[in-house]
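The following explanation leads from the inventory of secondary structure to the pairing of strands and then to the overall dimensions of the chain. Please keep the sequence and the model in view while reading.

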Amino acid sequence: MKIIPTKGCDSEGKRMHVPAIVEVVCPKCGCAYKRDYSHGDHYFSYPAFNTPITLNLYCPECLHEWVSVVQINLSLTAIEKIPCHECGRDMIRDVRPCTIRYQDRSAEIQQPGFYCTGCAEVVLVGDDGDRADNWLRRLQREAAAEGTPK
Ligand SMILES: [Zn+2]
Ligand SMILES: [Zn+2]
């Protein structure tokens with residue numbers, strides 16, 4: 001897979017949080033305060049990415065208002081391997097057979113994930129676990145249906 005970056009993109013995020021706390025010093029009265037953009041009241045509405053955008057600021061002490069310019073940098077990165085948190089070796093993407101068990105029932109599935117090249121560790125990311133979850137629920141439903149007295 002190859003990823004070709006574009007100059008910018010739109011977002012459909014009505015309330016977009018970003019992983020940042022902004023420390024602001026009022027240019028008029030010098031009072032300092034922090035705005036946490038990672039959750040809660042401070043957010044960006046439909047921001048453009050990778051291009052300068054304005055941030056409207058005001059001072060809670062003297063009510064002075066001003067504008068700073070910031071940029072939200074967003075990039076798409078391909079992850080082909082991750083370090084193993086157990087042994088430090090590379091974990092690579094693979095799909096391997098895996099048995100899902102519930103009571104006396106079992107199902108064989110093909111499990112995608114990061115598999116360690118040095119130890120037995122497996123890390124599932126994103127939707128990797130969906131198939132296993134679905135099968136487990138299915139086995140539980142089957143067991144429950146069979147266990148229901150008629
Ligand atoms: Zn102020
Ligand atoms: Zn490992």
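In this predicted model, the protein chain contains one helix and eight strands. Read from the N terminus on, the order of these elements is β-β-β-β-β-β-β-β-α, which places the helix after the strands.

Four of the strands form an open sheet, in the order β5-β6-β7-β8, and their pairing is antiparallel. At its edges lie β5, covering residues 81-83, and β8, each of which pairs on one side only. Strands of a sheet pair through backbone hydrogen bonds, in either a parallel or an antiparallel sense.

The sheet may be followed strand by strand, beginning at β5. Three bridges connect β5 with β6, and this pair is antiparallel. Within this pairing, K81 has I92 of β6 as its bridge partner.

The next pair consists of β6, residues 90-102, and β7, residues 105-116; these strands run antiparallel and are joined by twelve bridges. One of the residues involved is C98, whose bridge partner in β7 is I109. The two strands form a hairpin with two residues between them, and there Q103 adopts a positive phi near 50 degrees.

From β7 the chain continues to β8 by way of a second connection. A hairpin of five residues links β7 to β8. Strand β8 comprises residues 122-123, and two bridges hold it in antiparallel pairing with β7. Here Y115 has V122 in β8 as its bridge partner. With β8 the description arrives at the other edge strand of the sheet.

How, then, does the chain as a whole compare with a compact globule of 150 residues? Such a globule would have a radius of gyration near 15 Å, whereas the protein chain has 25 Å. Along the principal axes, the C-alpha trace extends over about 75 × 45 × 30 Å.

Two further values describe the environment of the residues. Of the 150 residues in the protein chain, 4% are buried; a residue is placed in this class if 20 or more other C-beta atoms lie within 10 Å of its own. As for contacts between residues at least 6 apart in sequence, 49% join residues at least 24 apart.

Taken together, the model shows an open sheet of four antiparallel strands in a chain whose radius of gyration is 25 Å, against a value near 15 Å for a compact globule of 150 residues.

Notes
Residues are numbered from 1 along each chain as its sequence is written. Chains are lettered from A and ligands numbered from 1 in the order in which they are written. This is a predicted model: local features need pLDDT of at least 70, side-chain atom pairs count only at pLDDT 80 or more; totals for chains, interfaces and linings use all residues. Two strands pair if DSSP finds at least two bridges between them. The radius of gyration is taken over C-alpha atoms; the globule rule is 2.2 Å times the number of residues to the power 0.38. A residue is buried if 20 or more other C-beta atoms lie within 10 Å of its own, exposed if 12 or fewer, and partly exposed in between; C-beta atoms are placed from the backbone. Two residues are in contact if their C-beta atoms, placed from the backbone, lie within 7 Å.
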